[in-house]
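Hi there,

Here is the structure I promised to pass on. Could you have a look at it before we talk?

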Amino acid sequence: MASATSFYDFKPLDKKGSPVPLSTYANKVVLIVNTASKCGFTPQYEGLEKIYKSINATHPDQFVILGFPCNQFGSQEPGSDDTIQEFCQLNYGVSFPIMGKTDVNGDKANPLFEWLKEEKPGLLGMKRVKWNFEKWLVGKDGKVKGRWASTTKPEALEKAILEEITKGEGKAGL
C-alpha cells in the first residue's frame with residue numbers, strides 16, 4: 001500500500017475479519033493504539049475508555065479510539081479475537097472499537113502500521129513499534145499528528161486530542 005497518502009486509504013480488519021474502511025472516520029480525530037491483554041500496560045485500557053467517554057460527552061461523534069491487539073511483544077495477546085473482545089469489555093468496560101488481532105512489525109505487518117511508522121517515526125527516527133500500547137493521533141485531515149510511547153498514560157493525551165478536535169473552530173470571519 002505504498003500509494004497510501006492518508007489514513008483514510010486503509011481498510012484494516014475488524015474482530016470478525018471484515019475490512020473496515022477508515023474513510024468511515026473522515027473528519028474525526030482518531031487515536032490508534034496497539035494493545036495487549038497480558039501486558040504491564042494493560043491497565044491503560046481504563047484510561048483510554050475514560051478519555052473516550054469524556055471527550056465524546058463534550059464533542060459527540062468527533063473522536064474515536066481504535067485498539068489493535070498484537071501478540072508480537074512477549075506473546076502478551078495470545079487469545080482469539082473473541083477472547084480479546086470479552087476481556088476488554090468484562091475487565092475494562094471498553095466501548096471503543098477493538099479491531100482484529102494484527103502484526104505491527106515485520107514481514108506481515110499491517111499496512112496501516114507500516115504507514116503510521118513511516119509518517120511518524122519514534123525516538124531517533126526508529127520506525128518499528130517498540131512495545132504494546134504505543135499510540136498515534138490522526139487528525140481530521142487523515143494526517144498523523146503525534147506518536148507516544150507505551151509509558152505515556154492515555155490521560156496525558158487528552159489535551160492534544162481536544163486541540164485537534166477544536167482546530168479550525170471559532171475562526172469564522174477572521
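Below is what I found in it, starting with the core. Please keep in mind that this is a predicted model.

The largest nonpolar core holds 43 residues, and the members touching the most others are F7, L31, I32, L66 and I161. Several elements supply at least two residues each to this core: strand 1 (29-35), strand 2 (63-69) and strand 3 (135-138), along with helix 1 (44-58), helix 2 (81-92), helix 3 (111-119) and helix 4 (158-166). If you want one residue to start from, try L66: leaving aside residues up to four places away in sequence, L66 touches F7, L22, Y25, V30, L31, I32, V33, P97 and M99.

Next, helix 4. Its buried residues are I161, E164 and I165. Because they span an arc of only 100 degrees around the axis, they lie on the same side of helix 4. That fits the usual pattern: an α-helix has 3.6 residues a turn, so residues three or four places apart point the same way. The cover over the buried residues of helix 4 includes strand 1, strand 2, strand 3, strand 4 (144-148) and helix 1.

Finally, the cysteines. How many disulfides are there? The count comes to 0, taking sulfur atoms within 2.5 Å as the cut-off. For C70, the nearest cysteine sulfur is that of C39, 11 Å away. C70 has 0% relative accessibility, so it counts as buried. C88 is in no disulfide either, with the sulfur of C39 again the nearest, at 12 Å. C88 counts as buried too, because its relative accessibility is 1%.

Best wishes

Key. Residues numbered from 1 in each chain as written. Predicted model: local features only at pLDDT ≥ 70, side-chain atom pairs only at ≥ 80, totals over all residues. Heavy atoms only, no water. Core = buried A, V, L, I, M, F, W, Y, C linked by side-chain atoms within 4.5 Å. Buried < 20%, exposed > 50% of the residue type's maximum accessible area, 1.4 Å probe, protein only. Helix = DSSP H or I, 4+ residues; strand = E, 2+ residues; numbered from the N terminus. Contact = heavy atoms within 4.5 Å. Arc of directions from axis to C-beta.
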